[in-house]
Amino acid sequence: MLQLNYIRENTKEVIEKLNIKNFDAKEIIPKLIDLDNKRKETQKQLDDSLFESNNLAKEIGVLFKSGKQKEANGLKEKTAQLKSLSKEYSDNLILIEKELNDILLQIPNLPHNSVPKGKRAEDNIIVHQEGDVPDLTKDALPHWDIASKYDIIDFELGNKITGSGFPVYKAKGAKLQRALINFFLDNALKEGYTEYQPPLMVNEDSGYGTGQLPDKEGQMYHVSIDNLYLIPTAEVPITNLFRNMIVKAEELPYKCVAYSSCFRREAGSYGKDVRGLNRLHQFDKVEIVQIQHPDKSYQTLEEMRGYVAGLLRLLELPFRTLRLCGGDMSFASALTYDFEVYSAAQQKWLEVSSVSNFESFQSNRMKLRFREKEGKPQLAHTLNGSALALPRIVAALLENNQTNEGVKIPKALVPYTGFDLL
RNA sequence: GGAGAGAUGGCCGAGCGGUCGAAGGCGCACGCCUGGAAAGUGUGUAUACCCCACAAGGGUAUCAUGGGUUCGAAUCCCAUUCUCUCCGCCA
């Protein structure tokens, strides 16, 4: 959520930047400022009338104590009037604040200066590419065929017990999952991250905190009986660990890593690119999250980007890094790098990681602040990235490393799988 | 699921109708003491919003949340949420 004061002081810039995200704020911003003025005015009225009431109450108290019943009763009549006035102001204030908040919640984050304008994925900028695309034979198989050839992932079984988008991993396929998770976690630990195992369901407040609510309500599975949401990423519980906190500046950054299953309804995306492991309702992911000082968050973003690139290098996968354009970025992000891995049989780039700086957008929603030795608390910056999401990594590994003897496991992973051929 | 107890500041904990943003302790910060440290000692130590120059100063709100009673509520009443204990069930 943007800060109202910032909007007030930088109206023009805000409108222009939101435009890069394809959000037309020309009308909404003046309305917001107007509402804020009303809010201040009403606040003042309320405070003044409460001030008067408080004073009267004190006076009455003194009069009662000194036995001046009559005078006290006289004053009481005055308070009734004030009271209904206060009620009116306060009802009004609540209404205005609600309206303000509703609008603010719907405004996306401002993009960083380096974010290109654009509407679609094609407008993203490729900032880096490395690794050789393997030279496969003509009869190379897509990963779903490899999966059934070696009987390591069963999509039909998943269909039967749950539905499409819920694959069942078997035998070496299951082991490979476990290996990847451990591999990713261990690497993050080496990098100084602290491991967490968060709940897989979160409450509404957490959903609002990281920005999934109200923006993406329909994309999360909702457990209505207890009003909880299945997490679409560990970002949600992990970042919300810090909700409503004021931490010391010298304790920053907080570096957290968590493995979790992720659940996404993916409503509206049926039909396209959904074969095999390309798009699932449930998948595994290791996520890194950092809470950082505003002065250092972009440096941290680059570090995280370097870290993710290192993982892909270890896995010997050809990949590229994209700077997302305004239209392709998430609601809450100020700058996002996507990592895509080339899956050779499908001949497709698959997104395996998204690394973002949210600046103070999430922390403003969740009141995550830090304090310098001197001065008032300030909003911290939050960042996160996938490191990494498993299914598409598996897809690329299966496709790119297929040989007549079997699928080769990258060297770095062999200690984790216990086998080098699948 | 049944029965009971409870929710107060960073933490512990008092307060049970007015002088309470809240005693006391711990922690933390700064100072004194000390050769240095410990101990001791002094001072300070919530957040948001409003007025105002985002200064000084002033005002309002916040003792789980929301409502109510009252001139006045951390204190009384109701609802909700959460936590704990015991029983039941159970990985």
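Charged residues number nine on the surface near RNA strand B, alongside seven nonpolar and four polar ones. Keep in mind that this is a predicted model. In total, 20 residues surround RNA strand B, and helix H3 supplies the largest share of that surface with 12 residues. Below is a friendly tour of the RNA surface, followed by one helix pair.

**Who lines the RNA**
- The closest residues to RNA strand B are Arg 39, Gln 43, Phe 51, Ala 57 and Arg 371.
- Of the atoms of RNA strand B that come within 4 Å of the protein, 75% belong to sugar and phosphate.
- At least two residues of this surface come from each of helix H3 (28–65), helix H4 (69–106) and strand E14 (368–371).

**Polar contacts with the RNA**
- Asp 47 places a polar side-chain atom 2.9 Å from a base nitrogen of RNA strand B.
- Arg 369 has a side-chain N or O atom 3.0 Å from a phosphate oxygen of RNA strand B.
- Asn 54 also faces a phosphate oxygen of RNA strand B, with a polar side-chain atom 3.3 Å away.

**Helices H7 and H10**
- Helix H7 (residues 171–190) packs with helix H10 (residues 297–314) at an angle of about 135°, and their axes are 12 Å apart.
- H7 is therefore oblique to H10.
- The crossing of H7 past H10 is right-handed.
- On the H7 side, Phe 183, Phe 184, Asn 187 and Ala 188 meet Tyr 307, Leu 311 and Leu 314 of H10.
- This contact has six nonpolar residues, one polar residue and no charged ones.

Note on methods
Residues numbered from 1 in each chain as written. Chains lettered and ligands numbered in written order. Predicted model: local features only at pLDDT ≥ 70, side-chain atom pairs only at ≥ 80, totals over all residues. Heavy atoms only, no water. Near = heavy atom within 4 Å. Polar contact = N/O pair within 3.5 Å; in protein donor to acceptor, adjacent residues only side chain to side chain. Helix = DSSP H or I, 4+ residues; strand = E, 2+ residues; numbered from the N terminus. Nonpolar A, V, L, I, M, F, W, Y, C, P; charged D, E, K, R; others polar. Axes fitted to C-alpha atoms, helices over the stretch in contact; angles between N-to-C directions. Parallel < 35°, antiparallel > 145°, perpendicular 65-115°, else oblique. Left-handed = near helix turned anticlockwise from the far one by under 90°. Contact = heavy atoms within 4.5 Å.
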